[in-house]
Protein chains: 4
Amino acid sequence: MARQRAFTKSELLDATERLLMERGYDGFHLKALSEMLSGARSTIYEYYANKEEIVAACMRRTMEQTIEACEGIEQLEPVAAIKKVLLIFLELSNFHTLMLAAPKIDETASDKARRDLEFLNEGHADLKKKLTALFQKAQEAGALRADIPLPVITAVFFHAIDTPNWLNVPTEEWADMLFGLWWNGGGNPLTK
Amino acid sequence: MARQRAFTKSELLDATERLLMERGYDGFHLKALSEMLSGARSTIYEYYANKEEIVAACMRRTMEQTIEACEGIEQLEPVAAIKKVLLIFLELSNFHTLMLAAPKIDETASDKARRDLEFLNEGHADLKKKLTALFQKAQEAGALRADIPLPVITAVFFHAIDTPNWLNVPTEEWADMLFGLWWNGGGNPLTK
Amino acid sequence: MARQRAFTKSELLDATERLLMERGYDGFHLKALSEMLSGARSTIYEYYANKEEIVAACMRRTMEQTIEACEGIEQLEPVAAIKKVLLIFLELSNFHTLMLAAPKIDETASDKARRDLEFLNEGHADLKKKLTALFQKAQEAGALRADIPLPVITAVFFHAIDTPNWLNVPTEEWADMLFGLWWNGGGNPLTK
Amino acid sequence: MARQRAFTKSELLDATERLLMERGYDGFHLKALSEMLSGARSTIYEYYANKEEIVAACMRRTMEQTIEACEGIEQLEPVAAIKKVLLIFLELSNFHTLMLAAPKIDETASDKARRDLEFLNEGHADLKKKLTALFQKAQEAGALRADIPLPVITAVFFHAIDTPNWLNVPTEEWADMLFGLWWNGGGNPLTK
DNA sequence: CATGAATGAGATTTCATTCAT
DNA sequence: CATGAATGAAATCTCATTCAT
């Protein structure tokens, strides 16, 4: 009983995510956003009260997807679980980059944004605990090197996920390569 | 009675580099820049004609330092050379992050900026050729795995350099760890 | 199945009056107005074509009430009439404040508004004539001081009506006090 | 050693005061302000960080002038002091109207504005104490009526100050009339 | 040279009003 | 009728850049 919607909330967040990935937080303008959507700039304010809320909502959505994808991961055998984690984060490849913008958001601008950021923090903490436990378990099972501190091994793992796939290798295969390199290294086993 | 020199070009570029690293290209403002220096905002225009020129000059300087540091690397034995490269880029840790800003610079704003960006491109190409040759030589010497495409091994190597050093391990030691993980992987050799 | 009536014209004007008194003309927004009513903002346009018309209609209503209340006042004995006028304006306490908004209304926006404003002007003029005549009669009857120009005495009288009743004295009593002070002054009669 | 100033801070506050008096807080726009000054709208931000700061500073200035004018008033004989107060507030006729805007200012917008508003509150409290004491002393000296509560007498006095001077009577004479009416009332003494 | 001051272009946000169901 | 949704105009504010001393 009103005009047809110019765009849905979900389309708005999709466009937001694309812009945040392409231009970063400071390069994210509502002008660009509205140009990616079929509507006027002011229409965006029918959905969110300000810029901060939009970005926070976008990040929250990604966090929710990530948490959901990691559901039940601890039931798997440690090394398989780690490989699964790699695949999850590869598919949600925006996760790390998006989360970088979190500290730039002005929390005082909006209560809704503040609550979303809180959710993000809790989600982050939960994920960290869960994944740390996973790597711990893997090491206790003797699957990981003991001569290098576990946090370093973990940090390298999570950072490796974001390696740019210049050759556009298909995701599955790319995951295999990354895991293979992280697990066995790039050196020739015959010469080691 | 002449006014005292406000700040040197070099101080200006140092501050620029710090700001670019801390806030990214879009968060880089001349206002913030002048606040980090001992002079007025308008004085900046005595050195550079616009924002773009400053960023381009800053990136050019880093590129020059990098090229110089890599001078003669090809004389070393391949694996030692690769380890040296790791250390060089670790010390010039800003390199990758800084270069990310390059495509954001509006080349139409300034000829000088355009020339600097061209220099950057050439430098990038030269470096790439040189380092690709290095890894090629290493593989031909049988030092690298053959079952994973060389560009992937290289990409993972260069991306691993930027792994955040959360534990603040001293650089030398950190370099050893990163190289060790890249070379041998994180899996326990006993279980492989 | 007809939608239920959202709100009446009268409710709309009541809310308008409240908002005008609380926030003044420039602080009067249709958004706030619709929030005070049980309907959508766009429904307001079923009753009035624009903001100006609403305010003008609201002011006209108050003017009509005031004129009606003053009906027949000239039949009373002058001083009693003046006291009655005081009570009338105290009860229609919004009158003066509301009328202040009149010059702010953009007459070009609406014909209906323009006509209401004309009515206001005429009403104002009529009231003024009537009340001036009243004070004139009182002075001719020797009831008012002759050493101060009548318009000044009148102005002070009408302005005194709006004295804020901080102590929340009941209206009747408050009217007595105001009239007493206006009539006899605040000085101690024994020392005069 | 720079361009000539487009306008001084004092001119800015003068224009602000005029606009606030003519249009009220909600009708106070920076566009109108800049049009009254010989400069661009953005230049205003070289003086004050936001709208709130401007209004707060303007009100603070008026409060300072008022406090200064009331300096030493308590040394006078009570009735003479009250008459002096009338003259002071008549000359600073904007005082009451300006202060009405205070509660509309958003204190969270600026620290500077918040501090100015605090100053205003303190000033208000001080003035109130001082003037209340004055009227108290006058009543104790038997100069004021005892049959009407003192706060009412005071309220009527301070409200009467703002009586619009439609006839444009010169200030001194106007003060005499207002005081005369407040003190002796408008009724004819012969008939009382 | 160095800089205080001025400013236009562009970003965010609000709100009266129109549109379409 | 009633209204949810859309939107342009206008307001606030920021910042790169120019000007004039």
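Here, Ala, Val, Leu, Ile, Met, Phe, Trp, Tyr, Cys and Pro count as nonpolar, Asp, Glu, Lys and Arg as charged, and the others, Gly among them, as polar. With those classes in hand, the residues of the surface near DNA strand E divide into 15 nonpolar, 14 polar and 14 charged. Please keep in mind that this is a predicted model.

## Around DNA strand E

Let us start with the strand just mentioned. There are 43 residues around DNA strand E, and those that come nearest are A:R41, B:T43, D:R5, D:A6 and D:S42. Looking from the side of the DNA, sugar and phosphate make up 59% of the atoms of strand E that come within 4 Å of the protein.

Which elements each supply at least two residues of the surface near DNA strand E? They are α2 (30-36) and α3 (51-70) of chain A, together with α2 (30-36) of chain C.

A record adds some context for chain A. UniProt, in an unreviewed entry, places the feature "DNA-binding region" at residues 29-48 of this chain. In the model, that span is 35% helix and 0% strand, and its end C-alpha atoms lie 14 Å apart.

## Around DNA strand F

Now for the other strand. DNA strand F has 44 residues around it, and A:R5, A:A6, A:S42, C:T43 and D:R41 come nearest. By class, the surface near strand F has 16 nonpolar, 14 polar and 14 charged residues. Of the atoms of strand F within 4 Å of the protein, 61% belong to sugar or phosphate, while the rest belong to bases.

## Polar contacts with phosphate

The table sets out protein atoms that lie by a phosphate oxygen of either strand.

| Residue | Protein atom | DNA strand | Distance to a phosphate oxygen |
|---|---|---|---|
| A:L30 | backbone N or O | E | 3.3 Å |
| A:K51 | polar backbone atom | E | 3.0 Å |
| C:Y45 | polar side-chain atom | E | 3.2 Å |
| D:L30 | polar backbone atom | F | 3.4 Å |
| D:K51 | polar backbone atom | F | 3.0 Å |
| B:Y45 | side-chain N or O | F | 3.2 Å |

As for helices, α2 (30-36) of chain B, together with α2 (30-36) and α3 (51-70) of chain D, are the elements that give two or more residues to the surface near DNA strand F.

## How the protein chains meet

Let us turn from the DNA to the protein chains. Between chain A and chain B, 38 residues of chain A are in contact with 36 residues of chain B. The area buried between these two chains is about 3,000 Å², and carbon and sulfur atoms give 67% of that area. Which residues of chain A lose the most area to chain B? They are A:R145, A:H159 and A:L181, which together account for 20% of what that side buries.

How are the two copies arranged? A rotation of 178 degrees, with 0.0 Å of shift along its axis, superposes chain A on chain B with an RMSD of 0.3 Å. The two copies are therefore related as by a two-fold rotation axis. The same surface serves both copies, since 95% of the contact residues of chain A recur in chain B. Among the residues of chain A, A:G185 comes closest to the rotation axis, with its C-alpha at 1.9 Å.

Other pairs of chains stay apart. No contact joins chain A and chain D, whose closest C-alpha atoms lie 10 Å apart. Chain B and chain C do not touch either, and their nearest C-alpha atoms are 36 Å apart.

How values were computed. Residues numbered from 1 in each chain as written. Chains lettered and ligands numbered in written order. Predicted model: local features only at pLDDT ≥ 70, side-chain atom pairs only at ≥ 80, totals over all residues. Heavy atoms only, no water. Near = heavy atom within 4 Å. Polar contact = N/O pair within 3.5 Å; in protein donor to acceptor, adjacent residues only side chain to side chain. Helix = DSSP H or I, 4+ residues; strand = E, 2+ residues; numbered from the N terminus. UniProt positions renumbered as here; feature names shortened; annotations may be inferred. Least-squares fit on C-alpha atoms with pLDDT ≥ 70 in both. Contact = heavy atoms within 4.5 Å. Buried area = accessible area lost by both parts, 1.4 Å probe.
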